[in-house]
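Please look over the sequence and the structure below. A short report on the strands and the ring contacts goes with them.

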Amino acid sequence: MNVTSGSQNFADGLLSVFQSWQLHSEITTTVSSAGNLIYRVWVKGKYELPKLAKIIYNDAVADNFIFDKRQRMSQRIVD
């Protein structure tokens, strides 16, 4: 899973949050066709995405998220 941004500050901040949650994460950069830097903050690992899902959907109210995305992220959750 990745979050894409044109802001290095945002990407660095998001990486810091993911790492504070003890998720395996990293930033990669690419250059857009317009020559701008693109930052991708990755959460990697088959057990990491379900961990992230538990964190972000734990107290979510039913109308505050897209059900299919939560379902895909939560597929491997093991308590």
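The report takes the sheet, then the aromatic pair, then a charge over a ring.

## Model

This is a predicted model.

## The sheet

Three strands make up an open sheet. Their order is β1-β3-β2, and the pairing is antiparallel. β1 covers 2-5 and β2 covers 25-31. Both stand at the edges with a single partner strand each, so one side of each has no neighbour in the sheet. On average, neighbouring strands here are turned by 20° against each other, direction ignored.

β3 spans residues 37-43. This strand runs antiparallel to β1, and 4 bridges join the two. Across that pairing, T4 stands opposite R40 of β3. In general, the strands of a sheet pair through backbone hydrogen bonds.

## The aromatic pair

The count of aromatic pairs comes to 1. The partners are F18 and W21. Their ring centres lie 6.1 Å apart, and the planes meet at 45°. The pair is classed as tilted, because the angle falls neither under 30 degrees, as for stacked rings, nor over 60, as for edge-to-face ones.

How exposed to solvent probe are the two partners, F18 and W21? F18 has 6% relative accessibility and is buried, because the cut-off for that class is under 20%. W21 has a relative accessible area of 34%, so it counts as partly exposed.

## A charge over a ring

W42 has a charged group over its ring. That group is the charged end of K44, 5.6 Å from the ring centre.

How values were computed:
Residues are numbered from 1 along each chain as its sequence is written. This is a predicted model: local features need pLDDT of at least 70, side-chain atom pairs count only at pLDDT 80 or more; totals for chains, interfaces and linings use all residues. Side-chain values use heavy atoms; hydrogens and water are left out. Two strands pair if DSSP finds at least two bridges between them. Axes are lines fitted to C-alpha atoms, for helices over the stretch in contact, and angles run from 0 to 180 degrees between N-to-C directions. Rings of Phe, Tyr and Trp (its six-membered ring) pair if their centres lie within 6.5 Å; planes under 30 degrees apart count as stacked, over 60 as edge-to-face and the rest as tilted. Buried means under 20% relative accessible area, exposed over 50%, partly exposed in between (1.4 Å probe, protein chains only). A charge sits over a ring if NZ of Lys or CZ of Arg is within 6 Å of the ring centre and within 35 degrees of the ring normal.
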